[in-house]
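Welcome, and please open the model in your viewer with the sequence panel beside it. We will go from stop to stop, selecting a few residues at a time.

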Amino acid sequence: MYSIGILYENREFEHDIYELMKAFYPEAEFHSYYDSDPDDKKETWEKLREDLCFRVQKTEDSFLITYRCEEHIGEIRSDVIKGQGCEKSQDALVSCQEKKGRKKGLNEQNLRKENKDALKYALYQLLVKLTCRNLPWGNLTGIRPVKLAMAMLEDGKKNTEVAEEMRKRYLVSPQKTALAITIANREREILRTIDYEKGYSLYIGIPFCPSICLYCSFSSYPLKVWENKVDLYLDALCKEIEETCKIMKGRKLDTIYIGGGTPTTLEANQIRRLLGTLKDSFGFDGLQEFTVEAGRPDSITEDKLKAIKEFPVSRISVNPQTMNQETLDIIGRRHTVQQTEDAFWLARELGFDNINMDLIVGLPGEDIGMVSKTLEKIKNMKPDSLTVHSLAVKRAARLNIFKEDYQEMTFENNQSIMDLTMRTAYEMGMGPYYLYRQKNMKGNFENVGYANVDKAGIYNILIMEEKQPIIALGAGGSSKIVFDHGNRIERVENVKDVTNYIERIDEMIQRKKSGLEKWLKL
């Protein structure tokens, strides 16, 4: 395996440097070294033996990254911006670029961002030279490029000005720039009636699945092993719902999203109990959206859909991920293509008029022909929204933990595949409405949600744009408390383990109360 060593003699932007290098070399094995290590463990630049080596330094006036690959040695340099006078960034590959229109006298937070952006700009140029390729999202390594575009639009910039900033400052491709700006404008329109200051949303987590997929890194547990714990879990969850309602009294609940795991692993009577507790506690008046992620087709039955239909659930998901049976078998979905179609049409017959379907591109063994086959089947079913995920293999996924077992598999994702998914969505009358990225995505692409008019998932936008608090209930729930118009985010975490969640539910409630009271008093 190709190896890369990074010696950090300055760690100020360590994470950003690593993430950008990882985007260019996704399959490489990285080794990090630090000049602050004890002498017996300390590596020097001369001792590094990886295939490609980098050294990160900082002087009073500049950041310096030196590289060594076989006989080739070079460096890039980025000026340290000190907030005085004209701000600029330069490197060994591009001429000095004036940063017009920036404010003098930058505060500490903005000054750090200016230096980070300048360093990433220079590093990107170097990595393009070393790899002979550009990345579709340029030097952006965060997961929310649309949030960047949205912020600029809310600051009063025109679409053309936002596009210029994204292309020149962040080196985003014209195609991805247009996509981000299109989505940002649609998001603004969709969220125009949301109360950011006094409103909030709820996420309810059901951490059980019929089986665990090969790529999954969520806090999910196989139902067969945990069946005897489900009612105890619901006892704890319903208690958390009731206590959270007391804390949030007088605040506006905008959306509810029940996800997982797979919420429809619950039996019909358990679904009624959960939704009934939500109704008795929070009520459903004024809700702008109520989603239940039915998810796995092998967990969907007529009784369960009828139980959901008794409540004002406005949106559900039936998620195939792929419509190729051989791939379903490889990734451990343990359901058939026919079950997906049957579950979808059953939901339609029962009156569900806003059904989302999730797909994943880049699954093991799937080429563009197989993706095309999936899209044709989806097109015939005509869902109301389609979410296209680029496969991202996280550390906790079995596909990563046991990666030696899957070395013979191919993982293909490219711009042609992404273009095909977009064309198909457009042919179904859908437009893009939200987008986010994850670490280790195949092809360094993105996840995009497409939807018909008035069928976009409001919760999906809110969780990405961080405009209002998202209160997460259940095992593994991570609440986001939004302060100062989104400029500060604090998290309140629930434990992931189901048994711990059940036994420590009073502690989880107290954590949430402490975090929310801080927000409510501001």
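## The whole chain

Start with the cartoon view: the chain holds 17 helices and 20 strands. Helices (H or I, at least four residues) and strands (E, at least two) are DSSP runs, numbered from the N terminus. Residue numbers count from 1 along each chain as its sequence is written. This is a predicted model, in which local features need pLDDT of at least 70 and side-chain atom pairs count only at pLDDT 80 or more, while totals for chains, interfaces and linings use all residues; side-chain values use heavy atoms, with hydrogens and water left out.

Of the 522 residues, 57% count as buried. Buried means under 20% relative accessible area, exposed over 50%, and partly exposed in between (1.4 Å probe, protein chains only). Among contacts (heavy atoms within 4.5 Å) between residues at least 6 apart in sequence, 71% join residues at least 24 apart.

## Stop 1: an open sheet

Select residues 3-8, which make up strand 1. Strand 1 belongs to an open sheet of 5 strands, ordered 2-1-3-4-5 with mixed pairing. Two strands pair if DSSP finds at least two bridges between them. Which strands stand at the edges? They are strand 2 (29-34) and strand 5 (72-79), each with a single partner strand, so one side of each has no neighbour in the sheet. On average, neighbouring strands here are turned by 15 degrees against each other, direction ignored. These angles come from axes, which are lines fitted to C-alpha atoms, for helices over the stretch in contact; angles run from 0 to 180 degrees between N-to-C directions.

Now zoom in on strands 1 and 2, which pair in the parallel sense over 6 bridges. Show I4 and you will find F30 of strand 2 opposite. Next, add residues 108-131: this is helix 2, which packs on the sheet and touches strand 3 (52-58), strand 4 (62-69) and strand 5. The direction of helix 2 makes about 155 degrees with that of strand 5.

## Stop 2: helix 4

Select residues 159-169 for helix 4, where V162, A163, M166 and R169 are buried. What do the buried residues of helix 4 pack against? Their partners are helix 2, helix 3 (145-154) and helix 5 (174-190). Just after helix 4, look at the backbone of L171, which takes a positive phi of about 60 degrees.

## Stop 3: two nonpolar cores

A nonpolar core is a set of buried Ala, Val, Leu, Ile, Met, Phe, Trp, Tyr and Cys residues joined through side-chain atoms within 4.5 Å. Select L237, I258 and L278: in the largest core, of 100 residues, they touch the most other members. Helix 7 (residues 230-247) gives the most to this core, with 8 residues. Beyond its neighbours within four places in sequence, L237 is in contact with residues including I204, L274, L473 and Y501. For a second, separate core of 32 residues, select I6, F13, L20 and Y67, which are among its members.

## Stop 4: stacked tyrosines

Rings of Phe, Tyr and Trp (its six-membered ring) pair if their centres lie within 6.5 Å; planes under 30 degrees apart count as stacked, over 60 as edge-to-face and the rest as tilted. The whole structure has 15 aromatic pairs. Select Y203 and Y257, a stacked pair at 6.1 Å centre to centre with 15 degrees between the planes. Y203 sits in strand 8 (residues 199-206) and Y257 in strand 11 (residues 252-260), so the pair ties together parts 54 residues apart in sequence. Y203 is buried at 18% relative accessible area, and Y257 is buried at 8%. Another stacked pair is Y434 and Y436, at 5.9 Å and 25 degrees; both of these tyrosines are buried. Add Y459 to the view, as Y203, Y257 and Y459 form one aromatic cluster.

## Stop 5: N447 and V498

Select N447, in strand 17 (residues 447-451). N447 is buried, at 1% relative accessibility. A polar atom of its side chain lies 2.8 Å from the backbone nitrogen of S390. N447 also touches Y434 and Y436, among others.

Finish at V498, in helix 16 (residues 498-503). V498 is buried, with a relative accessible area of 0%. Its contacts include P207, F208, W226 and A475. The C-alpha atoms of V498 and L232 are 9.6 Å apart, although 266 residues separate the two along the chain.

Notes
A polar contact is a pair of N or O atoms within 3.5 Å; within protein, one must be able to donate a hydrogen and the other to accept it, and residues adjacent in sequence count only if both atoms are side-chain atoms.
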